[in-house]
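Charged side chains can pair up, and this briefing goes through some of those pairs one by one. Have a look at the structure first, then read on.

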Amino acid sequence: MKNKNNSLVSIIIPTYKRPLMLDRAIESALSQTYYNLEIIVVDDNDENSNFRRETELCMAKYKKNKKVRYIKHRKNLGGSLARNTGIKQSNGKYITFLDDDDEYSPDKVEKQIKKFNESTIENLAFVYCQMDLYDYNGILVGCTKNFYKGNKEPFKKNLKECIAGTPTILALKSVLLEIGGFKKVKSGQDWLLILEILEKGYNVDYLEESLVKVHLHYEERISNNSSKIESLNTEILDIKKKYLNKVDKEYQKIILYEHNMQLANHMKFVNKKAAFSYFFRAFEYQKFNKRNLFFFGSIVFGEKVTLKIKRIINKL
C-alpha cells in the first residue's frame, strides 16, 4: 500500500505503573507499516518510585532508537495531562494514542492515513477505527461497531456513549491544540475530547476494521470504581445535561438510560443496593432493553458467567 500523504505521525504512549506491559505496546508501534512516525513515551510515574526505575530499565533498550522519545513527569499528573504533554512535545501533523497495555495492528496507522487521504468528508478532524476487547484471561469478549461519520450523527451517538476509544483515533494535531487537548476529568476523557471536537463543527470518519487490541483489567475496574462513580454523578452528568437539548426527547431518554446503567454496573461491585437503585432509574427510561437481563444476570450469577452467556446470545 502506497501513501500519498507521508506526513509525520506521532504515536503518544502515556505510561503509569505498567513497566512490564510497556514493551509490548512500544513494539507494536515500532512494527507499523507506515514509516514516517515518532513514538513519544510519557512516563507519568513519580520520579522516586519503583515504577519509575522499572520503566527506565524498560526504556533503556530504546535509547538509540531515533524514532522513540522518552519524556518523564516529576510526579503523577494523570492520563489526560500525560497525553497533553505528548501532544505539546510532538512534531507530527497527525497524532494517535496508545495505552501502555494495548496493541496496534501493524497497518493501523497506514490505513488511517489512507482514509484521511481518500475521505470525501470536508473539515475532517480525525479518523477512528474499531477495537477488539480482550478480558484478563486473553479471551476476546467483544469488538466495537461504531460506524458514524460527519458531525450530527456522531455528536448524537457520542453524547450517549463514547464512539471511539482513545487508541482508535488518528487526529490532526492542530485540532487537538485548538480545543485544548484532554480535560482533567476523572473518567470519560476520550468521550469529552470527541464531544468538544464535534461541538466545534469538525467532522469525523471511520474504518470498519478493528485495528487495536485492548486488554481489560478486572482488578482495575474494581479499584477505580469510586472515582468513576463520582465522576458520572457529577462532572459527566453535568456535561450531558448541558447538551441534552441538542437531541430529541426520545433520544434524551436513551442517553439517561445509558447513564444510569453505567452507574448501576459500576456500583454493583461495591454496593448492590445502590446498584439496583440506579438500575430502576434506568428501567424507567427503557423497560424492554436486553441489557436489563444482563444486569440481573451479573448480580445473580456473577460477571464471568454472564459474559459467557452474553457471548452465546450474541452469536444467535
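Glu-250 is exposed, with a relative accessible area of 53%, in what is a predicted model. Its salt-bridge partner is Lys-253, and that residue counts as partly exposed at 39% relative accessibility. Across the whole structure, a search turns up 18 salt bridges. Here are a few of them, plus a charged residue that has none.

**Pairs within a helix**

- Glu-250 and Lys-253 meet through their side chains, with 3.6 Å from N to O.
- Both sit in helix α10, which covers residues 249-267, and because they are three residues apart there, about one helical turn separates them.
- Glu-153 and Lys-157 make a salt bridge too, and their closest N and O atoms are 3.9 Å apart.
- This pair belongs to helix α5 (residues 152-160), where a spacing of four residues puts about one helical turn between Glu-153 and Lys-157.
- Glu-153 is partly exposed, with a relative accessible area of 35%.

**A pair that links two loops**

- Arg-18 forms a salt bridge with Asp-101, and the closest N and O atoms are 3.3 Å apart.
- Arg-18 lies in the loop between β1 (9-15) and α1 (19-30), while Asp-101 lies in the loop between β4 (94-97) and β5 (103-104), so this pair ties together parts that are 83 residues apart in sequence.
- Are these two partners buried or exposed? Arg-18 is buried, at 17% relative accessible area, and Asp-101 is buried as well, at 3%.
- There's a third member to look for: Asp-100 joins Arg-18 and Asp-101 in a network of salt bridges.

**A buried charge with no salt bridge**

- Asp-132 is in strand β6, which runs over residues 124-134.
- Which side chain of opposite charge is nearest to Asp-132? That's Lys-213, 7.9 Å away.
- A salt bridge needs the nitrogen within 4 Å of a carboxyl oxygen, and Asp-132 has no such bridge even though it is buried.
- So what does Asp-132 touch, leaving aside neighbours within four places in sequence? Its contacts are Leu-140, Gly-142, Cys-143, Ser-210, Val-212, Lys-213 and Val-214.
- Notice that Lys-213 turns up in that contact list, yet Asp-132 still has no salt bridge.

Definitions and conventions. Residues numbered from 1 in each chain as written. Predicted model: local features only at pLDDT ≥ 70, side-chain atom pairs only at ≥ 80, totals over all residues. Heavy atoms only, no water. Helix = DSSP H or I, 4+ residues; strand = E, 2+ residues; numbered from the N terminus. Buried < 20%, exposed > 50% of the residue type's maximum accessible area, 1.4 Å probe, protein only. Lys, Arg positive; Asp, Glu negative; His and termini not counted. Contact = heavy atoms within 4.5 Å.
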